[in-house]
Amino acid sequence: MPGQKRDPKTSSEQRRRVDEIFGDVLPETTSDERDPDRRTGLPDDWYRENRPPHHDR
């Protein structure tokens, strides 16, 4: 109800329960915290990074 204080323990328990059900919604790091040199911006970057080893022969 408005004007009533919430019990922080109940709030954290509810948050933990929601996380158990739905998992983490947000990534651990943001895009600006990740390695900026990893991708060149070319559309085929993902394919190059995930190329099977037998294609390197």
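The following exercises, each with a worked solution, concern a predicted model of a protein.

**Exercise 1. Overall description**

Task: State how many helices and strands the protein has, and what share of its residues counts as buried.

Solution. Begin with the secondary structure: the protein has two helices and zero strands. Next, consider burial: of the 57 residues, 2% count as buried. Finally, take the surface: the accessible area of the protein comes to about 6,200 Å², and 51% of this area belongs to carbon and sulfur atoms.

**Exercise 2. A nonpolar patch**

Task: Identify which residues make the nonpolar surface patch, and classify V18 as buried, partly exposed or exposed.

Solution. The patch is made by V18, I21 and F22 and has an area of about 330 Å². Of these residues, V18 is found in helix α1, which covers residues 8-22. The relative accessible area of V18 is 42%. Because partly exposed residues fall between the limits of 20% and 50%, V18 is classified as partly exposed.

**Exercise 3. Salt bridges in helix α2**

Task: Determine how many salt bridges a search of the whole structure finds, then analyse the one between R48 and D45.

Solution. The search finds three salt bridges. In general, side chains of opposite charge can pair when their charged atoms come close. For R48 and D45, the closest N and O atoms are 3.5 Å apart; the cut-off for a salt bridge is 4 Å, so the pair qualifies. Turning to position, R48 and D45 are three residues apart in helix α2 (residues 45-49), so about one helical turn separates them. The two partners are then classified by accessibility. R48, at 46% relative accessibility, counts as partly exposed. D45 has a relative accessible area of 8% and is therefore buried, since buried means under 20%.

**Exercise 4. Salt bridges in helix α1**

Task: Find which residues form salt bridges with E20, and state which residues are joined into one network.

Solution. Consider R16 as a partner: E20 forms a salt bridge with R16, with the closest N and O atoms 2.6 Å apart. Both E20 and R16 lie in helix α1, four residues apart, which is about one turn of the helix. Consider R17 as a partner: R17 forms a salt bridge with E20, and here the closest N and O atoms are 3.4 Å apart. R17 and E20 also both lie in helix α1, three residues apart, about one turn of the helix. As for accessibility, E20 is partly exposed at a relative accessible area of 49%, and R17 is partly exposed at 48%. Salt bridges that share partners therefore join R16, R17 and E20 into one network.

**Exercise 5. An aromatic pair**

Task: State how many aromatic pairs a search of the whole structure finds, and assign the geometry of the rings of W46 and Y47.

Solution. The search finds one aromatic pair. The rings of W46 and Y47 have their centres 5.2 Å apart, and their planes stand at 90°. Because planes over 60 degrees apart count as edge-to-face, the pair is assigned as edge-to-face. As a last step, the accessibilities are read: W46 counts as partly exposed at 48% relative accessibility, whereas Y47, at 56%, counts as exposed.

Technical notes:
Residues are numbered from 1 along each chain as its sequence is written. This is a predicted model: local features need pLDDT of at least 70, side-chain atom pairs count only at pLDDT 80 or more; totals for chains, interfaces and linings use all residues. Side-chain values use heavy atoms; hydrogens and water are left out. Buried means under 20% relative accessible area, exposed over 50%, partly exposed in between (1.4 Å probe, protein chains only). Accessible areas come from the Shrake-Rupley method with a 1.4 Å probe; for residues, only the protein chains shown count as cover. Patches are made of residues with over 30% relative accessible area and no salt bridge: like charges are joined within 9 Å, nonpolar side chains (Val, Leu, Ile, Met, Phe, Trp, Tyr) within 5 Å. A salt bridge is a side-chain nitrogen of Lys or Arg within 4 Å of a carboxyl oxygen of Asp or Glu. Rings of Phe, Tyr and Trp (its six-membered ring) pair if their centres lie within 6.5 Å; planes under 30 degrees apart count as stacked, over 60 as edge-to-face and the rest as tilted.
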